[in-house]
Amino acid sequence: MAATSPIELWRHSRRALGALLAPLAGLLAGHSARAVDLPEDRAEALVHVYQGGGVTASGPALLVRKNIADRVSLTGSYYLDAVSNASIDVVTTASPFRERRHEFGAGLDYAVRDSLITLGVSKSDEPDYKSDTASIDVSQETFGGMTTVALGFSRGADKVLKHGDPSFNDTVKRWQYRLGVTQILTPSWLASANFEAISEDGFLGSPYRAARVFGAAVPERNPRTRSSRALKLRVKGDLGARNAMHAEYRYFWDTWAVKAHTAEAGYSRYFGDLWLADAFVRYYSQKHALFYSDNAPAETLYVSRNRQLSTFDSLGLGAKLSYTWKRVPGQYELKANGAYELVRFNFKDFTDIRTGSPYSFQANVLQLYVSATF
């Protein structure tokens, strides 16, 4: 299966856009001529650090968005991950390594009356994994802007390689479908429901990871297809006196029998005109895949010891602080932002073979960035 190039993906998105616009034109004819708002002009520069489980990833990220002629908004982005990997998977089966991942993205938003059409492409490159993705999203405001319906489609094509084995070359194809509804409930509250379906076909494991059968290491063997679904519900409200809160729940399930629940609640508060503080707590729990085993008692067609497919839970606590550095109404605004999250992972059926105990670790995520709207 050959990987699809970014140009082919972009052409495919343009053809899909044409097919979508035809029925959309009729739909738009019955609505007012008011144009939906484009995303504001923005520039962001970010530095991120992730550290946990023997893995450190850090690097800069840049994003620039600019509107043209009140109808079109163009976006460009760049993201760098410098990874130092000494995770438990690596240190128990191979040697720690360092590598870099570069990701480039470009997007176009087009406002047509009450609709916003978004096209996007991205390209990710690391020594043993290449990924190209194209996407199209359409959102439509109805009932005087009280309800927004959004739908989207992404197509990805990945190439999987292996260090030290030039003969290894495999691919992954990915189709992602999105449907969402956002409803304004009252002047202070809104709710949303989003559904996502993903289908994958190709090499869906790691060429480096080993499973265990009768205590012996064997190559991981995963199915070459996977379909997953996810439903997310969210409510957000203004509590008055410059306080706000949000709560959300997400349920995930797939054809590998993985089932997961995510619940999150957060609170935001302004301090004066310049400071905004956010805090949240997130809990995640997951049931293991059908073919996952910490140490399989028999040879089977599929077997994996990928801890991401095991039974585990995590608890995250996070906070974000924003400071408005400079503001000129109607011209520009400059902000400094800092965010930190502490996450604790507890694996129920994945053993650290160095100690014989269930594996667990803590991760720290730090983001520092400046943003400017103009």
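What follows is a walk through the strands, cores, surface patch and one unusual loop of this structure, which is a predicted model.

A good place to begin is the N-terminal pair of strands. Strand E1, covering residues 42–52, runs antiparallel to strand E2, residues 55–68, and the two are joined by 11 bridges. One of the bridge pairs here puts Ala45 opposite Leu62 of E2. Together E1 and E2 make a hairpin with 2 residues between the strands. Gly53 sits in that turn and has a positive phi of about 65 degrees. E1 also pairs with E18, again in the antiparallel sense and over 11 bridges. In that pairing, Arg42 has Thr373 of E18 as its bridge partner.

E18 turns up again on the inside. The largest nonpolar core holds 24 residues, and the members that touch the most others are Trp256, Ala289, Leu309, Phe345 and Phe347. Two strands give two or more residues to this core: E17 (332–352) and E18 (357–373). E17 gives the most, with 4 residues. As for Phe345, leaving aside residues up to four places away in sequence, its contacts are Phe312, Asp313, Ser314, Ser360, Phe361 and Ala363. Apart from the largest core lies another one, made of 5 residues, including Ala211, Val213, Val218 and Val303.

Not every nonpolar side chain is tucked away, though. In soluble globular proteins, nonpolar side chains tend to be buried together. Here, however, Val149, Leu151, Leu179, Val181, Phe195, Leu231, Leu233 and Trp253 make a nonpolar patch of about 610 Å² on the surface. Three strands each supply at least two residues of the patch: E7 (147–161), E8 (169–184) and E12 (225–240). Val149 belongs to E7. With a relative accessible area of 31%, Val149 falls between the 20% and 50% cut-offs, so this valine counts as partly exposed.

E12 also leads into the loop with the odd backbone angles. Ala241 lies between E12 and strand E13 (243–254), and Arg242 is in the loop between E12 and E13 too. Ala241 is not a glycine, yet its phi is positive, at about 55 degrees. Arg242, likewise a residue other than glycine, has a positive phi near 65 degrees. How exposed are these two residues? Ala241 has a relative accessibility of 67% and so counts as exposed, while Arg242, at 42%, is partly exposed.

Technical notes: Residues are numbered from 1 along each chain as its sequence is written. This is a predicted model: local features need pLDDT of at least 70, side-chain atom pairs count only at pLDDT 80 or more; totals for chains, interfaces and linings use all residues. Side-chain values use heavy atoms; hydrogens and water are left out. A nonpolar core is a set of buried Ala, Val, Leu, Ile, Met, Phe, Trp, Tyr and Cys residues joined through side-chain atoms within 4.5 Å. Buried means under 20% relative accessible area, exposed over 50%, partly exposed in between (1.4 Å probe, protein chains only). Contact means heavy atoms within 4.5 Å. Patches are made of residues with over 30% relative accessible area and no salt bridge: like charges are joined within 9 Å, nonpolar side chains (Val, Leu, Ile, Met, Phe, Trp, Tyr) within 5 Å. Accessible areas come from the Shrake-Rupley method with a 1.4 Å probe; for residues, only the protein chains shown count as cover. A salt bridge is a side-chain nitrogen of Lys or Arg within 4 Å of a carboxyl oxygen of Asp or Glu. Two strands pair if DSSP finds at least two bridges between them.
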